[in-house]
Each structure stands twice: as structure tokens, then as C-alpha cells.
Amino acid sequence: MIHHVSLGTSNMSRARAFYDAVMGELGMRRTFDAEEAVGYGAGITVFSLNLPTDGAPATPGNGVHIAFEVEKRVAVDAFYRTAIEHGGISDGEPGLRPEYDANYYAAFVRDPDGNKIEALTFVAA
């Protein structure tokens, strides 16, 4: 069982501003905050951003992305809109992805560090 997932950031204050807004749209809040890390969850921490421990710049993983499942399509839309408003870059506007499932509705963005994140739902409305 996965306890939490972490992504790297090169700018913690920028990451906090971006993820405070985006995670709020997903029903999560900041669960811990330290100089080198910030975490989010709906009780326990399930997602965090960390400065790399080796001191090198953070880089997004090739082929890596984190997907957050939500209950409604409007939540996918809000996730996307909020991410773009807070410095994210579109990697796929909200819409159906029938190549995955007839009801797979998702949006893809890159955070300000280039990490790929997604919100999705299988709910038909």
C-alpha cells in the first residue's frame, strides 16, 4: 500500500503557492510544512513536494505523472483552471479520454517545476 507520493521542487515557496490552490480544489489541505518539504492530504499526508536531498536541481521524471481521482467532472475542470491560473502549463485540457474508458474524464497539467499531474473521474456527469 502506498503511504504517500513526493515530487521534487526547486522553489518551495512557488510550489506552496501552486499546490495550496490546486490541492484545495481536490479537497486536500496542507498537512505539514517545513523548510525543505510541504505535504497535503485530507487528514494524513498523501502527497508532498520536497527539495532534493542531494542539493541538485529538481527535475521531472520522464514518464512519471501523478493522477488524483475526484468525484465529479466539475472538480476536474476546477483543478485544471486553478492550476493554469497559478502558473501551471496545460498538458491536456479537460475532456473525455475514450481510449482509456468511455467515462474517463481528465485534465493534465505540468506544475511550475515541470512535474506532470492529472485529475480524473469515471463519473458520467
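**Two sheets and a buried aspartate**

Colleague: In S8, which residue is the bridge partner of Ala107?
Modeller: Keep in mind that this is a predicted model. S7 and S8 pair in the antiparallel sense, over six bridges. Within S8, the residue that bridges to Ala107 is Ala119.

Colleague: Which helix packs on that sheet, and what angle does its direction make with that of S7?
Modeller: Look at residues 73-85, which make up helix H2. This helix touches S6, S7 and S8 as it packs on the sheet. So the helix is H2, and its direction makes with that of S7 an angle of about 15 degrees.

Colleague: In what order do the four strands of this open sheet come, and which ones stand at the edges?
Modeller: The pairing is mixed, and the order is S5-S8-S7-S6. Strand S5 (65-69) and strand S6 (89-96) each have a single partner strand, so one side of each has no neighbour in the sheet. On average, neighbouring strands here are turned by 15 degrees against each other, direction ignored. Reading off the order, we get S5-S8-S7-S6, and the edge strands are S5 and S6.

Colleague: Now the open sheet with the order S1-S4-S3-S2: which of its strands stand at the edges?
Modeller: Here too there are four strands with mixed pairing. An edge strand has a single partner, so one of its sides is left without a neighbour in the sheet. That fits strands 5-8 and 29-34, in other words S1 and S2.

Colleague: How many degrees does the twist average from one strand to the next there, and which helix packs on the sheet?
Modeller: The twist averages 20 degrees. As for the helix, residues 12-25 touch S1, S2, S3 and strand S4 (45-50), and their direction makes about 5 degrees with that of S3. The helix you want is H1.

Colleague: And in S3, which residue is the bridge partner of Arg30?
Modeller: S2 runs antiparallel to strand S3 (residues 37-41), and five bridges join the two. The partner of Arg30 in S3 is Tyr40.

Colleague: Is Asp113 buried or exposed?
Modeller: You'll find Asp113 in the loop between strand S7 (105-110) and strand S8 (116-121). Its relative accessible area is 15%, and buried means under 20%. So Asp113 is buried.

Colleague: What length is the polar contact joining the side chains of Asp113 and Thr9?
Modeller: Asp113 touches several residues farther off in sequence, including Gly8, Arg14 and Pro60. Its side chain also reaches the backbone nitrogen of Ser10 at 3.1 Å. The polar contact with the side chain of Thr9 is 2.5 Å.

Definitions and conventions: Residues are numbered from 1 along each chain as its sequence is written. This is a predicted model: local features need pLDDT of at least 70, side-chain atom pairs count only at pLDDT 80 or more; totals for chains, interfaces and linings use all residues. Side-chain values use heavy atoms; hydrogens and water are left out. Two strands pair if DSSP finds at least two bridges between them. Axes are lines fitted to C-alpha atoms, for helices over the stretch in contact, and angles run from 0 to 180 degrees between N-to-C directions. Contact means heavy atoms within 4.5 Å. Buried means under 20% relative accessible area, exposed over 50%, partly exposed in between (1.4 Å probe, protein chains only). A polar contact is a pair of N or O atoms within 3.5 Å; within protein, one must be able to donate a hydrogen and the other to accept it, and residues adjacent in sequence count only if both atoms are side-chain atoms. Lists of a residue's contacts leave out its neighbours within four places in sequence.
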